[in-house]
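Welcome, and please open your viewer with the protein and its nucleic acid both visible. We will go from one stop to the next, selecting a few residues each time.

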Amino acid sequence: MPELPEVETVRRGLEKLILGKKISNIDIRYPKMIKTDLQEFQKEMPGQVIQTMGRRGKYLLFYLSDKILISHLRMEGKYFYYPDQVPERKHAHVLIHFENGGTLVYEDVRKFGTMELLAPELLEAYFISKKLGPEPTEKDFDLGSFKLALKKSKKPIKSHLLDQTLVAGLGNIYVDEVLWRAKVHPSRTSNSLTAQEARKVHDETINVLGQAVEKGGSTIRTYTNAFGEDGTMQEFHQVYDKAGQACSRCETIIEKIQLGGRGTHFCPKCQRRK
DNA sequence: CCCGGGGCCTGGCCGC
DNA sequence: TGCGGCCAGGCCCCGG
């Protein structure tokens, strides 16, 4: 469930902790999560220095001396940095030990997360092959292209926004929040949106994700653990996980339906199907 | 090409 | 109390 804001929060956290550190060795306890060649991963990682931390959509990027480590947290991936002693943890799948004695541990209860080691010159092609859309910023997220893509599709707008091709970074929580703010019903087909509605969805995507980054992401009780550290964006959620509660705009009871297999929250009055 | 659904995973939670 | 079955969902892949 980490969406763009949570991944960005992790990126900023790691930037403070591991920049300049040299990897001494790696301990891979769940090899299936390494999606590129395992032998090469084990051979190439030791000796690399963490140069910078990056992010593209929900992908976390470790810029190493001469490789890029692409890490996707999927549902429940988390990183913990231990300066010296590493506690034994049931769901620790990859341990990255540094020469200074510190260790970065990747933990993931559901084991959905992935890691890939790539040559830097292949990064651009990697995201193109995934059809990953633009970053949700004024600079990158072009309104004209967005409207054009919507016009060509009969997909429900929510499913379309989730597929990462129109814009990168929305997940199931923020997409519901964006559509509530834009007053658009999640089942509406993409091509049924008016120009004004398309612009509103575009703008609110930038607003919601931007605000969520500022708030350090959302801390949702998943199981026992929280992700995203001290995020407070959940205090601003208006529909996600609010079924049965009153809409803050019109007092109508928030509904929850299944759409494209996803739990979907919306206000039946503010977000009319038309 | 598009769309829908299954698979990957585990643990919380519900109902019997 | 115990346990089976359902649910959570990002992304990939397959079949129609």
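A polar contact here is a pair of N or O atoms within 3.5 Å. Keep that cut-off in mind at the first stop, and remember throughout that this is a predicted model.

**Stop 1: DNA strand B**

Select DNA strand B and show its surroundings: 12 residues surround this strand, and the closest are Tyr30, Lys32, Lys90, Val109 and Arg110. Of the strand B atoms that come within 4 Å of the protein, 69% belong to sugar and phosphate.

Now zoom in on Lys32. A polar atom of the Lys32 side chain sits 2.4 Å from a phosphate oxygen of DNA strand B. Move on to Tyr30, where an N or O atom of the side chain is 2.6 Å from a phosphate oxygen of strand B. Then pick His91, which places a polar side-chain atom 3.2 Å from a phosphate oxygen of strand B.

If you color the surface near DNA strand B by residue type, you should find 4 nonpolar, 2 polar and 6 charged residues.

**Stop 2: DNA strand C**

Next, select DNA strand C. Which residues are the closest to DNA strand C? They are His72, Arg74, Met75, Arg110 and Phe112, out of 15 residues that surround the strand. On the DNA side, 53% of the strand C atoms within 4 Å of the protein belong to sugar or phosphate, and the rest to bases.

Three side chains are worth a click here:

- His72 has a polar side-chain atom 2.5 Å from a phosphate oxygen of DNA strand C.
- Lys130 has a side-chain N or O atom 2.9 Å from a phosphate oxygen of DNA strand C.
- Lys256 has a polar side-chain atom 3.1 Å from a phosphate oxygen of DNA strand C.

Switch to a cartoon view and highlight strand E9 (255-259) and strand E10 (262-266): each supplies at least two residues of the surface near DNA strand C. By type, the residues of that surface divide into 4 nonpolar, 5 polar and 6 charged.

**Stop 3: a pair of helices**

Finally, select helix H4 (residues 143-151) and helix H7 (residues 195-214), whose axes come within 10 Å and cross at roughly 120°. H4 is therefore oblique to H7. The crossing of H4 past H7 is right-handed.

Show side chains to see who meets whom: Leu143, Phe146, Lys147 and Leu150 in H4 meet Ala195, Ala198, Arg199, Val201 and His202 in H7. The residues of this contact comprise 6 nonpolar, 1 polar and 2 charged.

How values were computed
Residues are numbered from 1 along each chain as its sequence is written. Chains are lettered from A and ligands numbered from 1 in the order in which they are written. This is a predicted model: local features need pLDDT of at least 70, side-chain atom pairs count only at pLDDT 80 or more; totals for chains, interfaces and linings use all residues. Side-chain values use heavy atoms; hydrogens and water are left out. A residue is near a molecule or strand if one of its heavy atoms lies within 4 Å of it. A polar contact is a pair of N or O atoms within 3.5 Å; within protein, one must be able to donate a hydrogen and the other to accept it, and residues adjacent in sequence count only if both atoms are side-chain atoms. Helices (H or I, at least four residues) and strands (E, at least two) are DSSP runs, numbered from the N terminus. Ala, Val, Leu, Ile, Met, Phe, Trp, Tyr, Cys and Pro count as nonpolar, Asp, Glu, Lys and Arg as charged, and the others, Gly among them, as polar. Axes are lines fitted to C-alpha atoms, for helices over the stretch in contact, and angles run from 0 to 180 degrees between N-to-C directions. Angles under 35 degrees count as roughly parallel, over 145 as roughly antiparallel, 65 to 115 as roughly perpendicular and the rest as oblique. A crossing is left-handed if the near helix is turned anticlockwise from the far one by less than a right angle, and right-handed if clockwise. Contact means heavy atoms within 4.5 Å.
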